[in-house]
Amino acid sequence: MGEKWKHTALLVIDMQNDFVLEDGLMRVNGGKAIVPNVVKTVEIARQRGILVVWVVREHDPLGRDVECFRRHLYPPGKVGPTSKGSEGAKLVDGLEIKDGDYKLVKTRFSAFFATHLHSFLQSAGIDSLVIVGVQTPNCIRQTVFDAVALDYESITVLVDATAAATPDIHIANIFDMKNVGVATPSIEEWSEADA
């Protein structure tokens with residue numbers, strides 16, 4: 001475990017059944033394909049002593065804390081996407097929160113919006129972020145742009161451990177993030193860096 005990584009956190013975003021599985025209520029087409037790469041990234045992070053932060057959506061079953069444009073997905077008597085305690089809100093098979101990891105619940109795209117993530121990371125001495133998960137134009141991008149605004153020293157999005165509905169959407173958003181100083185290596189490139 002190198003000294004280099006003690007100021008780095010891995011944010012694993014929305015790798016939940018409702019976003020990843022074929023029958024997920026909010027399925028992201030590219031989500032299932034990246035699961036093995038996200039698993040591998042978490043393993044590398046743990047080997048390096050990097051803090052793993054599981055960022056998940058968990059909503060009130062009545063949808064009272066969901067965005068206005070999604071409230072129709074929570075009609076009375078129906079379990080809406082990522083409702084607290086539902087199967088859909090659980091992490092996909094192969095991913096698990098372990099001792100020393102941290103779980104952060106959000107109700108909007110950005111992991112920073114209306115959460116205590118920034119103060120938690122600051123108190124842990126974190127100034128560098130590595131980000132994986134779904135989906136690139138929404139939760140990944142919003143979290144990244146907030147991290148840029150909050151002056152994190154280093155922000156990395158692993159290009160093959162993040163996904164969107166289509167490869168074109170993914171690539172376009174990666175391009176935009178690269179243009180604001182975000183590093184976008186593959187897992188292989190990242191795993192070989194200062195290993």
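Me: What makes Thr143 buried in this model?

Reply: Happy to go through it. This is a predicted model, and in it Thr143 has a relative accessible area of 0%. Buried means under 20%, so Thr143 is called buried.

Me: Where does Thr143 lie, and which residues does Thr143 touch?

Reply: Thr143 lies in helix α4. Leaving aside residues up to four places away in sequence, Thr143 touches Leu11, Ile13, Phe109, Ser110, Ala111, Phe112 and Ile131. Contact here means heavy atoms within 4.5 Å.

Me: Which strands does helix α4 lie across, and how does it run relative to β4?

Reply: Helix α4, residues 136-149, lies across β1 (8-13), β2, β3, β4 (128-134) and β5. The helix runs at about 170 degrees to β4. Since the angle scale goes from 0 to 180 degrees between N-to-C directions, that value sits towards the upper end of the scale.

Me: What is the order of the strands in the sheet, and is the pairing parallel or antiparallel?

Reply: The 5 strands form an open sheet in the order β3-β2-β1-β4-β5, and the pairing is parallel. The edge strands are β3 (102-106) and β5 (154-163), because each pairs on one side only. From one strand to the next, the twist averages 20 degrees.

Me: How do you know that β2 and β3 pair?

Reply: Two strands count as paired if there are at least two bridges between them. Strand β2 (residues 51-57) and β3 have 5 bridges in the parallel sense, so the pair meets that cut-off. As an example, Val55 has Leu104 in β3 as its bridge partner.

Me: Why is Cys68 called exposed while Cys139 is called buried?

Reply: The cut-offs are over 50% for exposed and under 20% for buried. Cys68 has a relative accessible area of 64%, so Cys68 is exposed. Cys139 has 5%, so Cys139 is buried.

Me: How many disulfides does the structure hold, and what is the distance from the sulfur of Cys68 to the nearest cysteine sulfur?

Reply: The structure holds 0 disulfides. For Cys68, the nearest cysteine sulfur is that of Cys139, 17 Å away. A disulfide needs the two sulfur atoms within 2.5 Å, so Cys68 is in no disulfide. Cys139 is likewise in no disulfide, with the sulfur of Cys68 as its nearest at 17 Å.

Me: Which feature does UniProt place at residues 8-184, and what is the helix and strand content there?

Reply: The UniProt record, an unreviewed entry, places "domain: Isochorismatase-like" at residues 8-184. Over that range the chain is 29% helix and 20% strand, and the end C-alpha atoms are 16 Å apart.

Notes
Residues are numbered from 1 along each chain as its sequence is written. This is a predicted model: local features need pLDDT of at least 70, side-chain atom pairs count only at pLDDT 80 or more; totals for chains, interfaces and linings use all residues. Side-chain values use heavy atoms; hydrogens and water are left out. Helices (H or I, at least four residues) and strands (E, at least two) are DSSP runs, numbered from the N terminus. Buried means under 20% relative accessible area, exposed over 50%, partly exposed in between (1.4 Å probe, protein chains only). UniProt positions are given in the numbering used here, feature names are shortened, and annotations may be inferred rather than shown by experiment.
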